[in-house]
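Thanks for coming. I have one structure to go through today, so please look at the screen.

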Amino acid sequence: MKIFTSAQLRELDRYTTEHERTTSLDLMERSARAVTHAFTSIWSPKTPVVIFAGPGNNGGDALAVARLLCEQSYDVKTYLFNIHNKLSDECTANKRRLQESKYAKTLVEVTLNFDPPQLTAETVVIDGLFGTGLNKPLSGGFASLVKYINQSPARVVSIDIPSGLMAEDNTYNIRANIVRAHLTLTLQQKKLCMLLADNQPYLGQIRVLDIQLSQEYIQKTDSQYRFVEEADLKPMLRRRYEFAHKGDMGHALIVAGSYGMAGAAILATRACLRSGVGKVTVHTPRKNNDVLQTAVPEAVLHLDREDQFFTEPMSTDDFEAMAIGPGLGTAEGTAIAMIAQLRRATCPSVVDADALNIISNHRAWMQQLPKEIIMTPHDAEFDRLVGTASNGSYDRLSKVRDMAERLNAYIILKGRYSALCMPDGHVFFNPTGNPGMATAGSGDVLTGIITGLLARGYQQREAALLGMYLHGLAGDMAAKDLGQESLIASDIIRYLPKAIRKVSE
């Protein structure tokens with residue numbers, strides 16, 4: 001599923017009107033009916049409603065919603081802000097429709113002074129001040145109005161996007177001047193800002209309303225940002241043929257675990273095995289021998305010469321994929337062995353956890369990383385990689401995208417909507433996963449899954465897309481049965497076979 005920018009969404013509206021024999025006013029009515037239907041499915045006509053409409057098309061949507069709610073006997077008071085005596089054509093048309101109806105008295109047009117209504121806990125505010133076209137922070141009277149709404153006990157429903165929030169980049173926005181919605185009824189698709197962590201306090205619950213914009217435009221127009229969809233993954237899946245043996249299913253190498261951190265190696269190895277790989281070898285310090293032999297008897301162990309740390313890189317000629325990093329530690333001897341291991345790698349590689357932390361401490365080594373490497377940092381790990389704190393989620397995502405292009409790498413920025421940044425500049429957001437997966441070891445599991453898929457013969461793009469989707473889906477299945485609060489990383493591995501089966505079917 002493509003995620004369009006605000007400019008592309010405006011073009012989508014225009015294309016729809018030009019090619020489907022409809023008008024922009026008809027589209028606005030379609031949107032208003034979808035918003036009204038969603039609203040009336042939650043709140044009864046006994047609910048007092050206050051609507052704030054701005055001078056643009058978002059305000060036009062709000063005025064149309066006001067009329068439709070009045071027709072269904074809701075108690076509505078509507079305030080249209082026309083401070084500069086300049087409304088969009090569609091807003092003007094919906095103002096006229098409301099004025100010419102029997103509900104004209106419900107409309108107050110604000111041109112100068114504004115006496116704000118009382119907003120009680122029983123009131124629902126519908127925010128239709130500004131939509132996705134906003135390109136600078138709100139100020140003046142509109143900023144004051146937003147603060148008044150946010151300080152009230154009323155519940156807030158925003159049409160398309162909370163007013164004050166920009167559809168993409170909010171790096172330099174004024175956060176106090178953004179409406180804090182309890183429910184956002186967004187039109188046609190989620191906007192990029194809705195996938196970024198620092199914007200979540202303003203969005204509340206998000207419901208996407210399909211207003212049937214042109215599928216022709218959607219299909220033919222490229223987008224830098226997309227959601228991963230299960231339908232995209234099914235054609236990628238590899239099938240086992242009847243006479244397959246373990247040698248056909250790939251051999252993965254996992255370099256992981258310092259003494260005291262064997263658990264990370266165990267989780268990555270178990271996840272790798274569950275992903276369908278034929279064989280897994282784990283290179284780990286000698287003192288991890290007993291615990292790994294007991295915990296993962298299916299794995300082959302290759303022990304380092306040192307008891308407690310990884311210090312001895314090994315040949316990858318016999319492997320189809322390698323992962324390095326989980327629980328590895330950052331001792332200087334380990335760091336030197338880690339970069340040597342990556343330099344001599346002859347197979348696709350996944351870099352995670354302490355391997356990323358080592359690179360953060362030796363940034364010159366970044367240029368020595370193999371092409372098409374897969375990296376899986378969380379926010380803090382990535383910020384350490386670039387050496388500076390990011391100015392919010394959009395700034396960080398931009399830096400990840402730039403790094404993926406510069407290094408010709410696949411970088412998964414882990415989070416609620418993990419973002420896979422491709423070497424060609426495209427970004428895929430993963431829709432699966434839940435807050436219960438915010439638990440130690442979850443990232444080690446992801447590393448193991450992707451490594452197993454690589455060893456099975458999937459290309460880096462396929463392994464990264466499929467791996468993060470299956471990882472989140474297994475977490476969702478586990479949370480459904482166990483609850484989010486008690487979820488642990490081992491549960492994700494336990495539900496991985498069910499996730500694979502679901503996608504396969």
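I'll start just after a helix: α9 is followed by Gly 276, which has a positive phi near 110°. Keep in mind that this is a predicted model.

Now the helix itself. α9 covers residues 262-274, 13 residues in total. From first C-alpha to last, α9 reaches 18 Å, close to the 18 Å expected at 1.5 Å a residue.

Which residues of α9 are buried? They are Ala 262, Ala 264, Ala 265, Ile 266, Leu 267, Ala 268, Thr 269, Ala 271 and Cys 272. The cover over these buried residues includes two strands, β10 (251-255) and β11, and the helices α10 (289-295), α15 (442-456) and α17 (489-504).

β11 takes us to the sheet. This is an open sheet of 11 strands with mixed pairing, in the order β1-β9-β18-β17-β16-β15-β14-β13-β10-β11-β12. At its edges are β1 (2-3) and β12 (300-303), each paired on one side only. β11, residues 279-284, runs parallel to β12 over 4 bridges; Thr 284, for instance, has Leu 303 in β12 as its bridge partner.

Last, the cysteines. How many disulfides are there? The count is 0, with sulfur atoms having to lie within 2.5 Å of each other. Cys 272, back in α9, is in no disulfide, and the nearest cysteine sulfur, that of Cys 347, is 11 Å away. Cys 272 is also buried, at 0% relative accessible area. For Cys 421, the closest cysteine sulfur is in Cys 193, 17 Å away, so the two are too far apart for a bond. Cys 421 counts as buried too, with 0% relative accessibility.

Note on methods:
Residues numbered from 1 in each chain as written. Predicted model: local features only at pLDDT ≥ 70, side-chain atom pairs only at ≥ 80, totals over all residues. Heavy atoms only, no water. Pairing = 2+ DSSP bridges. Expected span 1.5 Å × (residues − 1). Buried < 20%, exposed > 50% of the residue type's maximum accessible area, 1.4 Å probe, protein only. Contact = heavy atoms within 4.5 Å.
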